[in-house]
Amino acid sequence: MLSSFSRTLMRVAKPSMNHVKFMHRSAPVASDHLFVHRDSPENNPDTKFEFTSENMKRIQDIMVNYPEGHKAAAVIPALDIAQRQHGWLPISAMHKVAEILGMPKMRVYEVATFYTMFNREPIGKYHVQVCTTTPCMLCDARDILKAIQDNLKIKCGETTKDNMFTLTEVECLGACVNAPMIQINDNYYEDLKLSDVNEILDDLKAGRVPKPGPRSSRFACEPITGLTSLTEPPKGPGFGVRDDL
């Protein structure tokens, strides 16, 4: 079944093998990288981490949303705040979150290793995530990825020497209608051409923040050729049901 699907993709996509993604060979399947922690000089239980007073207040404000005995429900936003403060998520930050929420460290590890949004190793100032799943792949995402690699002079999983950019190849980011697209930190850049990629990266290098969203004429994810429905104001309640409406 899977091999048949892969052959179908090969016929639909461009003839070049560079445009074929064999989904049954994804790297994490053959690696424990996503879920195993190994102490390193920059990431170990002694790595210094304390929440700022501002971020501590934010976590406390989140915790009051949950009844006593269920404070652990705040673990995801607490980890996110820790990562935003530190730039990535060291194991010492996980321990601090476990302490604040009164939950076992293992439960925090389970969350931090499950969600790929948590970066448990140092990353650059700009985390460039390139979607290469089917819709983006069919819209030349492999060329977009290569253009980024050529611009930054790094490969997937690497960080530039100045610690400005980290490049990651990821699965679907949920903007299939606007393929091909990339995510840089919290911003989506969609409907990309190769020239857009270089412009976006060069702006970031120069300290500018490129405008996020579609790089085409679209406002969001409406049909690129124009609306095909909802082209007039909606009728009122009861229209078509009662003769007097």
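In the hairpin made by β3 and β4, 2 residues sit between the strands, and Asn185 takes a positive phi near 55°. This is a predicted model, so that angle is a computed value from the prediction. The two arms of the hairpin, β3 (residues 182-184) and β4 (residues 187-190), pair in the antiparallel sense over 3 bridges. One of the pairings puts Ile184 across from Asn187 in β4.

**The sheet around the hairpin**

Step back from the turn and a mixed, open sheet of 5 strands appears, in the order β2-β1-β3-β4-β5. The strands at the edges are β2 and β5, each with a single partner strand, so one side of each is left without a neighbour in the sheet. As a reminder, strands of a sheet pair through backbone hydrogen bonds, either parallel or antiparallel.

Here is how the neighbours line up:

| Strand pair | Sense | Bridges |
|---|---|---|
| β1 (residues 126-131) and β2 (residues 165-170) | parallel | 6 bridges |
| β1 and β3 (residues 182-184) | antiparallel | 3 bridges |
| β3 and β4 (residues 187-190) | antiparallel | 3 bridges |
| β4 and β5 (residues 213-214) | parallel | 2 bridges |

Some individual partners help when you click through the sheet. Val130 has Glu169 as its bridge partner in β2, and Ile182 as its bridge partner in β3. Gln129 is matched with Gln183 in β3. Over at β5, Gly213 stands opposite Tyr189.

Is β1 mostly covered or mostly open? Mostly covered: 6 of its 6 residues are buried. That goes for both faces, with Tyr126, Val128 and Val130 buried on one side and His127, Gln129 and Cys131 buried on the other.

**Salt bridges**

A search of the whole structure turns up 14 salt bridges. One of them starts from the sheet: the side chains of Glu169 and Arg142 meet at 2.6 Å, N to O. Glu169 lies in strand β2 and Arg142 in helix α7 (residues 141-152), so the pair ties together parts that are 27 residues apart in sequence. Glu169 is partly exposed, with a relative accessible area of 30%, and Arg142 is partly exposed as well, at 21%.

Helix α7 also has a salt bridge within itself. Asp150 pairs with Lys146, and their closest N and O atoms are 2.9 Å apart. The two are 4 residues apart in the helix, so about one helical turn separates them. Asp150 is partly exposed at 41% relative accessibility, and Lys146 is partly exposed at 47%.

Where does the salt bridge of Arg215 and Asp196 fit in? Its closest N and O atoms are 3.7 Å apart. The pair links distant parts of the chain, with Arg215 in the segment after β5 and Asp196 in helix α8 (residues 194-205), 19 residues apart. Asp196 has a relative accessible area of 6%; under 20% counts as buried, so Asp196 is buried. Through shared partners, salt bridges join Lys193, Asp196, Glu199 and Arg215 into one network.

**A nonpolar patch outside**

On the surface, Ile76, Phe114, Tyr115 and Met117 make a nonpolar patch of about 390 Å². Ile76 is found in helix α3 (residues 75-86) and counts as partly exposed, at 31% relative accessibility.

**The whole chain, and how far to trust it**

The chain has 8 helices and 5 strands. Along the sequence they follow the pattern α-α-α-α-α-β-α-α-β-β-β-α-β. Of the 245 residues, 37% are buried, and the accessible surface comes to about 15300 Å², with 56% of it belonging to carbon and sulfur atoms. Among contacts with a separation of 6 or more, 61% are between residues 24 or more positions apart.

As for confidence, the chain averages a pLDDT of 87, and 86% of the residues score at least 70. Which helix scores lowest, and which highest? Confidence is lowest in helix α1 (residues 2-12), with a mean of 51, and highest in α3, at 98. That high-scoring α3 is the helix where Ile76 of the nonpolar patch is found. Over residues 22-31, pLDDT stays under 50, and the model has 8 contacts beyond four places in sequence for that stretch.

How values were computed: Residues numbered from 1 in each chain as written. Predicted model: local features only at pLDDT ≥ 70, side-chain atom pairs only at ≥ 80, totals over all residues. Heavy atoms only, no water. Patch = residues over 30% accessible without salt bridge, like charges linked within 9 Å, V, L, I, M, F, W, Y side chains within 5 Å. Areas by Shrake-Rupley, 256 points an atom, 1.4 Å probe, with all protein chains shown as cover. Salt bridge = Lys/Arg side-chain N within 4 Å of Asp/Glu carboxyl O. Buried < 20%, exposed > 50% of the residue type's maximum accessible area, 1.4 Å probe, protein only. pLDDT = per-residue confidence, 0-100. Contact = heavy atoms within 4.5 Å. Pairing = 2+ DSSP bridges.
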